[in-house]
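Hi,

Here is the structure you asked about. My notes follow below it.

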Amino acid sequence: MSEARVYRKGQVDADITVPPDKSITHRAIMLASLASGTSTIRGFLDSGDCRSTINVMRAMGVEIRENGTTLTVCGNGLRGLRPPAGVLDAGNSGTTVRLVSGILAGQVFEATLTGDSSLSRRPMKRIIEPLRRMGVDVKARDDEWLPLTIRGSGSPVAVEVHSPVASAQVKSCVLLAGLYAQGETVFHEPVVSRDHTERFLSSLGVPIETSGTRTSVRGPVARLPAFDTVVPGDPSSAAYFAALTAMLPGSHLTIRSICVNPTRTGFLTALSKMGVSVSLQDVREVSGEPVAEVHVHGGTLRNITVEPEDIPSLIDEVPLLAVVATRADGVMEIRGAGELRVKESDRLAAITQELKRMGARIVEKTDGLIVIGNTTLRGAEVSSRGDHRIAMSLAIAGSVAEGETTITDAECTGISFPGFWDLLARI
Ligand code: S3P
């Protein structure tokens with residue numbers, strides 16, 4: 001499928017599930033690969049990005065068996081990965097490249113990580129610098145870009161890192177390397193980013209501590225136990241359908257078994273501040289993560305200001321929030337979102353330019369967006385630019401626009417949300 005056509009929807013009245021969480025699936029596959037014994041991952045996300053992680057771990061000698069939506073992983077132990085025969089291809093996945101780099105710091109062989117053209121334009125110094133401080137030998141094109149060649153020392157040095165960016169990928173890279181270091185590895189971030197790595201490691205008995213924006217791990221960790229885990233629904237995927245419901249007054253949607261980890265629910269919080277009725281029911285804990293049924297009722301929307309400290313918990317939903325803002329009263333200002341420029345595409349530029357084709361009144365700032373509300377979007381031909389989150393945000397824009405919207409390069413949604421177009425058509 002190279003392009004998708006989308007038309008205006010009436011009201012939404014549906015009860016859906018969305019695919020499993022991408023961030024948690026990556027971590028489960030990596031930690032199961034490092035565990036001692038056989039782990040089971042139930043309901044893993046079978047998407048392009050998670051396939052990259054499966055392939056990379058298999059290339060380092062890990063046996064991963066698939067049975068429907070369950071993965072069985074025969075862990076090699078923390079220090080038991082094997083030198084890959086060729087380069088490790090992370091495809092489009094930043095999470096794969098950055099987290100695996102931390103794991104490689106604790107091995108005693110050399111490996112090279114590469115990726116597609118989008119990943120090859122994403123900055124890596126943010127992990128290269130801390131890893132070098134930990135005594136790891138890292139080479140990169142122009143000291144910044146893929147391919148990355150990493151030769152682990154087996155026992156990195158414990159350091160204290162002050163990260164200028166709030167990035168769970170950078171934090172996770174350092175914490176994973178810290179599993180192998182003698183003493184306390186400490187990571188400080190400007191705002192708390194998603195904490196799935198910390199929760200997972202803690203559930204496996206790793207001494208990890210979090211206090212505000214400071215996280216530390218005490219190594220070296222001798223072994224990780226094998227585990228049996230269930231991956232909850234992805235709140236970032238749920239967000240597209242929550243947004244559609246919010247924009248169609250009188251609509252109602254229930255989304256089942258969604259991860260409602262507070263480091264991920266910023267979009268739902270923003271919707272509720274905009275006047276949407278959002279409620280979480282049957283909140284329970286599944287494999288160390290809070291999970292709930294999410295109910296959304298569409299109504300009248302008013303715009304809000306999104307502050308820099310709000311960004312990490314809705315980082316992947318910012319383009320979608322800009323779509324919702326076009327329908328709300330007043331003006332939305334999104335501040336402190338410069339990180340969006342170094343995602344799978346420059347998402348601030350992409351969403352501004354593509355929504356403008358649909359008649360949106362939107363201004364791109366250096367590190368944010370201004371969106372004028374109460375605008376009627378018109379169908380147009382728009383491009384995903386090969387970025388899954390831009391494709392899906394434009395699909396939701398097209399679902400409330402007048403006329404027909406054609407989205408080119410539409411198949412990239414499979415990076416995080418297999419079945420997206422079918423679900424959109426069904427709703
Ligand atoms: C992710 C962290 C975020 C997010 C990405 C997944 C993760 O990236 O945008 O989709 O799984 O750790 P950054 O750490 O670069 O902000």
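In strand 17, which residue is the bridge partner of Val-286? It is Glu-289. Before more of that, two points on the source. This is a predicted model, so local features need pLDDT of at least 70 and side-chain atom pairs count only at pLDDT 80 or more, while totals for chains, interfaces and linings use all residues. Residues are numbered from 1 along each chain as its sequence is written, and side-chain values use heavy atoms, with hydrogens and water left out.

**The hairpin and its sheet**

Strand 16 (residues 277-286) and strand 17 (residues 289-297) run antiparallel and are joined by eight bridges. Helices (H or I, at least four residues) and strands (E, at least two) are DSSP runs, numbered from the N terminus. Two strands pair if DSSP finds at least two bridges between them. Another bridge in this hairpin links Arg-284 to Val-291 in strand 17. Two residues lie between the strands, and Ser-287 takes a positive phi near 50° there.

The open sheet has four strands in the order 2-15-17-16, with mixed pairing. Strand 2 (13-16) and strand 16 stand at the edges with a single partner strand each, so one side of each is left without a neighbour in the sheet. From one strand to the next, the twist averages 15°; axes here are lines fitted to C-alpha atoms, for helices over the stretch in contact, and angles run from 0 to 180 degrees between N-to-C directions.

**Strands 11, 12 and 13**

Strand 13 (214-219) pairs with strand 11 (residues 183-188) in the antiparallel sense, over six bridges. Thr-185 has Val-217 in strand 13 as its bridge partner. Strand 12 (residues 208-211) is also antiparallel to strand 13, with four bridges. Here Glu-209 stands opposite Ser-216. The hairpin of strand 12 and strand 13 has two residues between the strands, and Gly-212 takes a positive phi near 60°.

**The whole protein**

The protein has twelve helices and 23 strands. Its C-alpha atoms fill a box of roughly 60 × 45 × 40 Å, taken along the principal axes. Is the radius of gyration what a compact globule would have, and what is the value for 427 residues? The protein has 21 Å, and a compact globule would have a value near 22 Å, so the two agree. The radius is taken over C-alpha atoms, and the globule rule is 2.2 Å times the number of residues to the power 0.38.

Of the 427 residues, 62% count as buried. Buried means under 20% relative accessible area, exposed over 50%, and partly exposed in between (1.4 Å probe, protein chains only). About 14900 Å² is exposed, and carbon and sulfur atoms supply 47% of it. Accessible areas come from the Shrake-Rupley method with a 1.4 Å probe; for residues, only the protein chains shown count as cover.

**Cores and a covered helix**

The largest nonpolar core has 75 residues, and Phe-241, Leu-355 and Phe-420 touch the most other members. Such a core is a set of buried Ala, Val, Leu, Ile, Met, Phe, Trp, Tyr and Cys residues joined through side-chain atoms within 4.5 Å. Helix 7 (residues 235-247) gives the largest share of this core, nine residues. Leaving aside neighbours within four places in sequence, the contacts of Phe-241 include Ile-16, Leu-253, Phe-417 and Phe-420. Contact means heavy atoms within 4.5 Å. A second, separate core of 65 residues includes Met-57, Tyr-180, Leu-224 and Phe-227.

Helix 3 (residues 94-104) is mostly covered, with eleven of its eleven residues buried. Among them are Arg-98, Thr-95 and Ser-101.

**Backbone points to check by eye**

Most residues other than glycine have a negative phi, and most peptide bonds are trans. Here are the exceptions I noted.

- A cis peptide bond joins Leu-146 and Pro-147, with omega about -5°. Pro-147 sits in strand 9 (residues 145-151).
- A cis peptide bond also joins Gly-219 and Pro-220, with omega about -5°. Pro-220 lies in the loop between strand 13 and strand 14 (228-230).
- Ser-257 has a positive phi near 50°. Ser-257 is in strand 15 (residues 252-259) and is partly exposed, at 30% relative accessibility.
- Arg-385 has a positive phi of about 60°. Arg-385 is in the loop between strand 22 (381-383) and helix 11 (388-400), and is partly exposed at 33%.

Best wishes
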